[in-house]
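Me: Please take a close look at a single part of this model and go through its contacts in detail. Cut-offs should be stated where they are used.

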Amino acid sequence: MRKLIMSIYLLIMGKHPYNTIFSYNYHNIRGILSFFKKLVVQYQGADKKIIIDVGGGKSPYFKIFENISKKYYVVDFKIAMPENEDRNIIQIEGIAEKLNFNSEFADIIMSNQVLEHVSDERLAVKEAHRVLRKGGIFIGSAPHISPIHLEPYDYRRFTSFGIIKLLEENGFSNIKVEGNGGVFKAVALLLLMDWFLYKNKGKNQEFNIAKHLIFAPLTFFINLTCLIADKIFQNKHRSPSNYCWSAVKQ
């Protein structure tokens, strides 16, 4: 029965990061996915790259980078990574502030929805700079507007100016920052994420599959309404839920 429910859930909601409009974080993930896909296009046909996915856990974005990857590493806590990884992924136990790689080792380092959770975001960015080769690219995303999540390890939010300052102060240049949607998509994320990711009687964050399925039509309505509103008003700069960036080590 549980397998059947999970099959129905995946059919309706999609498998992360290919979330459908019925999913609470549709707008957030859609923006990140689009940003990474556009970035990968520039590497098609070039030499394959050494990629490090910092804080990548189950490596949901591996499929996007697979064709340009010579070696793909994921760095995270052991408990966050799959026990039986059958894809061409090398798992390294570690943290963002102390990467177990030699200097100038990687071509691409990704930090996706990680900097809000690390103890020292400046040290994490500095480590990425150390491990990247000259001309290497540091990519990632971080929330601007979001409910508290993965508590108690949720420490900060970012503006585009804060991201640029953080990257510049740690040696990066040619910085590009892109907001994911406008204020209405941010409202959709706030409403739905806060509703579906809740703490039950002091326990850790929980996700109720049945609740998500039952209220899927309402989720669809909220996501679609806010998508249309954002297109009408086109205010994408002041209040996106999330920012993506790319930056180069010169």
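Reply: In α6, residues V183, F184, K185, A188, L192, W195 and F196 meet L218, T219, I222, N223, C226, L227, A229, D230 and F233 of α8 (contact means heavy atoms within 4.5 Å; helices are DSSP runs of H or I with at least four residues and strands runs of E with at least two, numbered from the N terminus). The model is predicted, so local features need pLDDT of at least 70 and side-chain atom pairs pLDDT 80 or more, while totals for chains, interfaces and linings use all residues. Numbering starts at 1 along each chain as its sequence is written, and side-chain values use heavy atoms, without hydrogens and water.

The residues of this contact divide into 12 nonpolar, two polar and two charged (Ala, Val, Leu, Ile, Met, Phe, Trp, Tyr, Cys and Pro count as nonpolar, Asp, Glu, Lys and Arg as charged, the others, Gly among them, as polar). α6 covers residues 183–196, and its axis comes within 7 Å of that of α8, crossing at roughly 160 degrees (axes are lines fitted to C-alpha atoms over the stretch in contact, with angles from 0 to 180 degrees between N-to-C directions). α6 is therefore roughly antiparallel to α8 (over 145 degrees; under 35 is roughly parallel, 65 to 115 roughly perpendicular, the rest oblique). The crossing is left-handed (the near helix is turned anticlockwise from the far one by less than a right angle; clockwise is right-handed).

α8, residues 216–233, also holds F220, while F22 lies in the loop between α1 and α2, so this aromatic pair ties together parts 198 residues apart in sequence. The structure holds 14 aromatic pairs (ring centres of Phe, Tyr or Trp, the latter by its six-membered ring, within 6.5 Å; planes under 30 degrees apart are stacked, over 60 edge-to-face, the rest tilted). The rings of F22 and F220 have centres 5.2 Å apart and planes at 25 degrees, so they are stacked. The loop with F22 also contains P17, whose peptide bond from H16 is cis, with omega near 10 degrees.

For comparison, the axes of α4 (residues 121–131) and α5 (residues 160–169) come within 9 Å and cross at roughly 55 degrees, and α4 and α5 are therefore oblique to each other. Their crossing is right-handed. E121, R122 and V125 of α4 make the contact with K165, L166, L167 and E169 of α5, which gives three nonpolar, no polar and four charged residues.
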